[in-house]
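User: I am new to this structure and would like to understand the terms used for it. Please set each value against its definition.

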Amino acid sequence: MSLQLTGIHHLTAITANAAGNLHFYRNILGLRLVKKTVNQDDTSAYHLFYADGEATPGTDMTFFDWPVGPERRGTHSIVRTSLRVASRESLGWWKERLTGEGIVSGAVSDIGGYPSLDFEDPEGQRLRLVSDDGKGDSHAWAGSPVPVEHQIRGLGPIVISVPDITNTEAVVTDVMNMRKAREYASPDGKGHVHVFEMGDGGPAAELHVAVQPGLAPARQGAGAVHHVAFRAPDEKTLHQWTARLAEFRLPSSGEVERYYFRSLYFREPNGILFEIATDGPGFTADEPLETLGEKLALPPFLEPRRASIEAGLKPLK
């Protein structure tokens with residue numbers, strides 16, 4: 001069997017308001033803050049990780065806290081992040097909840113093969129709830145304000161926008177071994193979306209590529225997505241991906257030790273940053289599961305600088 005990615009690992013976005021971000025993703029969306037740490041390449045910035053109750057790979061949406069202006073939307077970018085719930089009925093419940101919190105959302109409708117609900121966070125981060133019909137494992141968070149049956153189960157399809165799919169499709173199929181599954185009309189009326197699947201497929205293992213040649217290039221800022229990461233089961237498999245990218249002469253970062261997982265970064269032909277990350281060792285590498293996210297966690301190589309790092313961070317309420 002060819003080398004396979006097994007699904008979406010995590011997605012990292014940008015916020016300019018860490019306290020407001022924490023309120024929205026924990027108190028409104030009901031996700032668990034499983035790691036409060038810093039950007040390892042810029043320790044003046046928080047890196048916040050939200051996930052399910054057990055910090056399972058494939059469930060975490062993460063944020064860099066950078067003092068930047070809003071994103072300029074466009075192509076050459078990741079344009080929408082899906083989050084899975086168990087049923088169409090849950091989408092109705094979520095529409096009422098979002099409305100009650102003053103969050104505008106679209107109609108519950110079928111998009112790309114799944115019952116869906118589109119909305120944005122207060123900074124314009126584009127989100128979509130999709131029903132996965134309760135398939136696969138889920139790990140509820142007992143401390144969530146959202147009832148267990150409606151809690152977010154993990155990441156769903158990630159939508160990227162490119163002006164031309166030719167070279168992107170070559171990389172995701174020939175290099176990354178994804179399979180072309182289907183196409184659908186983009187709900188914004190701008191082009192068609194091509195669906196590529198990994199591993200066993202399904203909404204936790206799909207990349208949706210919207211072809212939108214009429215859009216100007218995006219400029220990252222608050223409300224934008226920085227990169228998407230795909231799952232590799234272990235370090236041995238990551239080594240194989242490193243060798244595969246080299247075989248295709250695709251420039252990469254080489255393997256990077258992130259402590260909670262090991263990573264490999266590269267850009268697809270339209271400049272969108274991709275990461276391949278290992279499932280382990282996970283967020284319990286330095287904290288017990290019961291108290292994840294309660295204190296500032298630093299990987300061992302940053303621990304000697306804890307006092308100066310903490311002094312440079314704004315308190316989170």
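Analyst: What follows is a set of questions and answers on sheets, helices, burial, ring pairs and salt bridges.

User: What kind of model is this, and how are the residues numbered?

Analyst: This is a predicted model, in which local features need pLDDT of at least 70 and side-chain atom pairs count only at pLDDT 80 or more, while totals for chains, interfaces and linings use all residues. Residues are numbered from 1 along each chain as its sequence is written, and side-chain values use heavy atoms, with hydrogens and water left out.

User: Which strands are called the edge strands in the sheet with the order β2-β3-β4-β1-β13-β16-β15-β14?

Analyst: Helices (H or I, at least four residues) and strands (E, at least two) are DSSP runs, numbered from the N terminus, and two strands pair if DSSP finds at least two bridges between them. Eight strands form this open sheet, and the pairing is mixed. The edge strands are β2 (32–39) and β14 (255–257), each of which pairs on one side only.

User: What makes β15 and β16 a pair, and in which sense do they run?

Analyst: Strand β15 (residues 261–267) and β16 are joined by six bridges in the antiparallel sense, which satisfies the requirement of at least two bridges. R267 stands opposite L273 in β16. The two strands form a hairpin with five residues between them, and in the turn G271 has a positive phi of about 90°. On the other hand, β16 (residues 273–281) runs parallel to strand β13 (residues 225–232), with five bridges between them, and there the bridge partner of R231 is A277.

User: What is the order of the other open sheet of eight strands, and which helix lies across β9, β10, β11 and β12?

Analyst: The order is β6-β7-β8-β5-β9-β12-β11-β10, with mixed pairing, and the edge strands here are β6 (109–111) and β10 (179–185). Helix α3 (residues 166–175) lies across β9, β10, β11 (192–197) and β12, running at about 15° to β11; for such angles, axes are lines fitted to C-alpha atoms, for helices over the stretch in contact, and the angles run from 0 to 180 degrees between N-to-C directions.

User: Why is T237 called buried, and which residues is T237 in contact with, leaving aside its neighbours within four places in sequence?

Analyst: Buried means under 20% relative accessible area, exposed over 50% and partly exposed in between (1.4 Å probe, protein chains only); T237 has a relative accessible area of 12%, so T237 is buried. T237 belongs to helix α4 (residues 235–247). Contact means heavy atoms within 4.5 Å, and, leaving aside neighbours within four places in sequence, T237 is in contact with L3 and A232.

User: Why is the pair of W93 and W94 called edge-to-face?

Analyst: Rings of Phe, Tyr and Trp (its six-membered ring) pair if their centres lie within 6.5 Å, with planes under 30 degrees apart counted as stacked, over 60 as edge-to-face and the rest as tilted. By this rule the count comes to twelve aromatic pairs. The rings of W93 and W94 have their centres 5.1 Å apart and their planes at 85°, so this pair is edge-to-face. W93 is partly exposed at 25% relative accessible area, whereas W94, at 0% relative accessibility, counts as buried.

User: What makes the rings of Y259 and Y260 an edge-to-face pair?

Analyst: Their centres are 5.2 Å apart and their planes stand at 65°, so the rings of Y259 and Y260 are also counted as edge-to-face. Y259 counts as partly exposed at 24% relative accessibility, while Y260 is buried at 3%. Both residues belong to one aromatic cluster with F49, F261 and F283.

User: How do you know that K314 and D65 meet in a salt bridge?

Analyst: A salt bridge is a side-chain nitrogen of Lys or Arg within 4 Å of a carboxyl oxygen of Asp or Glu, and the N to O value for K314 and D65 is 3.2 Å. K314 lies in the segment after α5 (306–311) and D65 in strand β4, so the pair ties together parts that are 249 residues apart in sequence. D65 is buried, with a relative accessible area of 7%.

User: Which residues do salt bridges that share partners join into one network?

Analyst: R262 forms a salt bridge with E255, the closest N and O atoms being 2.8 Å apart, and another with E257 at 3.1 Å. Salt bridges that share partners join E235, E255, E257 and R262 into one network.
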